[in-house]
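Visitor: I am new to this structure. Please take me closely through one part, strand by strand, and then show me what lies around it.

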Amino acid sequence: MRKTGELVQWNNKGGYGFVRDAAGRDYYVHISKMIDGARPRLGDRLSFAVTEGRKGRPSAVEISIVTPPPAAPPPPPKVQRAPVEPTGDRLLGLRTAAATMMTLLIILAISLDRVGIGLAAAYTAMGVASALLYRFDKLYALQGRWRVSETNLHSVDLSFGIIGGLVAQELYRHKTIKPRFVAATWAIALLHTLGLLALALGWFEPLLRSLTGSA
């Protein structure tokens, strides 16, 4: 009399396991007793005859696969969360505002004859140099090459390149996250803003007169 049952244990490497019938009895299964040589899988429904195996334990013979185990349900779709905007990017608009303010202060100082056109030329030249350095550093980062050092970036920004540096940071979305670098950038921007404000308002004129000895 043939029985049916579920393959509840299976050692695929060794080719043996156990099938359990409807009454809950387990029968030893060996790959050599499969009728068509098929290799069963855990959970398969098997049809088999029963014989007495080694040590008197019941064993399955003339085994065939009745039905394969049901396919596993597809995993639930992953819920894509909206990307979290980095805190540094929220300050990008302030970089443009700071660069614009410094530019206006330079124009004001020149229009009031507080300083010569050479100051605007210095900020323009060094600003372009700073923007190029940020651009190269961004490209090098994407390509996995040697980077422009942060010290060099800050040095050029400090040497009249801060306006170009701020614009480049916003344009390329670069160097806007690291707290120490951001803090140093804003310190340089504040220093230049205060210096340009003092020039535009003539706060340096008494000091210059005292140094030159003019009335």
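Guide: Start with a single pair of residues. Trp 10 stands opposite Gly 17 in strand E2. This is a predicted model, and that pair belongs to a ladder between two strands. Strand E1 covers residues 3-11, and strand E2 covers residues 16-21. Six bridges join E1 to E2, and the two run antiparallel. They form a hairpin, with four residues between the strands. Look at the turn: Gly 15 has a positive phi of about 75° there.

E1 has another partner. Four bridges join E1 to strand E4, again in an antiparallel arrangement. Find Thr 4 in this pairing. Thr 4 stands opposite Ser 47 in E4.

Now follow E4, residues 45-52. Seven bridges join E4 to E5, and these strands run antiparallel. Strand E5 spans residues 58-67. Within this pairing, Thr 51 has Ser 59 of E5 as its bridge partner. E4 and E5 also make a hairpin, with five residues between the strands. Here Lys 55 takes a positive phi near 60°. One general point helps when you look at strands. In a regular strand, side chains alternate between the two faces of the sheet.

Stay in this region for the largest pocket. The space in the pocket comes to about 190 Å³. Its lining includes Thr 51 and Ser 59, the pair that bridges E4 and E5. Lys 55 is not the residue to look for here; instead, find Glu 52, Gly 53, Arg 54 and Arg 57, which are among the lining residues. Ala 60 and Val 61 line the pocket too. So do Tyr 28, Val 29, His 30 and Lys 33. Strands E3 (26-30), E4 and E5 each give two or more residues to the lining. By type, the lining divides into four nonpolar, four polar and four charged residues.

Now turn to the helices. H3 covers residues 150-172, and H4 covers residues 179-201. Their axes come within 9 Å and cross at roughly 75°. The two helices are therefore roughly perpendicular. On the H3 side, the contact includes Leu 153, Leu 158, Phe 160 and Ile 162. On the H4 side, it includes Phe 181, Ile 188 and His 192. The residues of this contact divide into ten nonpolar, four polar and two charged.

H4 also meets helix H2, residues 117-143. The axes of H2 and H4 come within 14 Å and cross at roughly 170°. That makes H2 roughly antiparallel to H4. H2 brings Leu 119, Tyr 123 and Tyr 134 to the contact. H4 brings Phe 181, His 192, Leu 196 and Leu 199. This contact has six nonpolar residues, one polar and no charged. Phe 181 and His 192 serve in the contact with H2 and in the contact with H3.

Terms used
Residues are numbered from 1 along each chain as its sequence is written. This is a predicted model: local features need pLDDT of at least 70, side-chain atom pairs count only at pLDDT 80 or more; totals for chains, interfaces and linings use all residues. Side-chain values use heavy atoms; hydrogens and water are left out. Axes are lines fitted to C-alpha atoms, for helices over the stretch in contact, and angles run from 0 to 180 degrees between N-to-C directions. Angles under 35 degrees count as roughly parallel, over 145 as roughly antiparallel, 65 to 115 as roughly perpendicular and the rest as oblique. Contact means heavy atoms within 4.5 Å. Ala, Val, Leu, Ile, Met, Phe, Trp, Tyr, Cys and Pro count as nonpolar, Asp, Glu, Lys and Arg as charged, and the others, Gly among them, as polar. On a 1 Å grid over the protein atoms alone, a cavity is a set of points where a 1.4 Å probe fits but cannot get out, and a pocket is an open set with protein on both sides within 12 Å along at least five of seven lines; lining residues have an atom within 4 Å of a point. Grid points are joined across faces, edges and corners, and a volume is the space filled by probe spheres set on the points. Two strands pair if DSSP finds at least two bridges between them.
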